[in-house]
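This report describes the arrangement of the sheet, the helices and the nonpolar cores in one protein model. The sequence and structure are shown first.

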Amino acid sequence: MRVISGLAKGTILYTLEGNATRPTLDRVKEAIFNIIQMDIQDSVVLDLFSGSGALGIEALSRGAKKAVLCDKSKSAINIIKLNLQKTHLEENAIVLQEDYSRALNFLKNTYQFDLIFLDPPYKEEFVKESIEKIIQLNLLQKSGKIIIETDDEERILKEIENLNVSITNLRKYGRVKVIFLNLNIEN
C-alpha cells in the first residue's frame, strides 16, 4: 500500500498485521481520489475508521488543509502515527484514539468537514449510526461528501434509504463497493 499522488507520492505505508483491518486497495483508493480530486485542495477531511490512515494521508498528500484520523485500536493509532511521520504530513493531521461515536461528539464544535471517509468493519452496522450522528452534530459542510466503502452494497443502501442523504455516485471494484453521498439540503 502506497501514497498514490501529491507531496508524499510513492511512499510505502505501514499496515496492520492480521485480519483485524482491511486496507483500501491502491486501485480503489486511486479511483476514489480521481472522482473527488476537485474537492480535495484546502479541504478538511475526516477518516473515521482510519486503520492505517491511508485515506486521510492520501488526502493530505493531495492538498487537504487538515485531516482527522480516528480509530479505536491502539495498534492502528501507532501505525497511523508512523505513516504520518514517514510521509512528513503529521503537521496537518489530528489523530484520535476513540470509538467513532465518541470521536464524532468530540469533534462537534471544532470542525465541519468537506470529506468524510467511512470504511468501518464490513460486518458491523456502523454506517447508518455514523451518518445519523454526522447529520445530527452538523459535522459535514453543506457541499461536503461522505464516501463509504463496503462489501455489502444492498445492506448499506437499505440502511441509509431513510436518511437525509442523496447517493451521487456508486462504483464497484471487484467485491468492494464505494458509495458517494451528499446531504439533502433544505432551502
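Across which strands does H4 lie? In this predicted model, H4 lies across E2 and E3, and its direction runs at about 165° to E3. H3 lies across strand E1 (44-47), E2, E3 and E4, at about 175° to E2.

**The sheet**

Seven strands make up an open sheet of mixed pairing, ordered E3-E2-E1-E4-E5-E7-E6. Its edges are formed by strand E3 (93-97) and strand E6 (165-173), each of which pairs on one side only. On average, neighbouring strands are turned by 15° against each other, direction ignored. The pairing of E2 with E3 is parallel and comprises five bridges; within it, Ala67 has Ala93 of E3 as its bridge partner.

**The nonpolar cores**

In soluble globular proteins, nonpolar side chains tend to be buried together. Here the largest nonpolar core holds 31 residues, of which Ile32, Phe33, Ile36, Leu84, Phe117, Ile147 and Val178 touch the most other members. Each element in the table supplies at least two residues of this core.

| Element | Residue range |
|---|---|
| Helix H1 | residues 26-35 |
| Helix H3 | residues 54-61 |
| Strand E2 | residues 66-71 |
| Helix H4 | residues 74-87 |
| Strand E4 | residues 113-118 |
| Strand E7 | residues 176-183 |

H3 provides the largest share of this core, five residues. Apart from this core lies another, of 29 residues, including Leu96, Tyr100, Leu140 and Ile156.

Leaving aside residues up to four places away in sequence, Phe33 touches Ile40, Leu55, Glu58, Ala59, Arg62 and Phe117.

Note on methods:
Residues numbered from 1 in each chain as written. Predicted model: local features only at pLDDT ≥ 70, side-chain atom pairs only at ≥ 80, totals over all residues. Heavy atoms only, no water. Core = buried A, V, L, I, M, F, W, Y, C linked by side-chain atoms within 4.5 Å. Buried < 20%, exposed > 50% of the residue type's maximum accessible area, 1.4 Å probe, protein only. Helix = DSSP H or I, 4+ residues; strand = E, 2+ residues; numbered from the N terminus. Contact = heavy atoms within 4.5 Å. Pairing = 2+ DSSP bridges. Axes fitted to C-alpha atoms, helices over the stretch in contact; angles between N-to-C directions.
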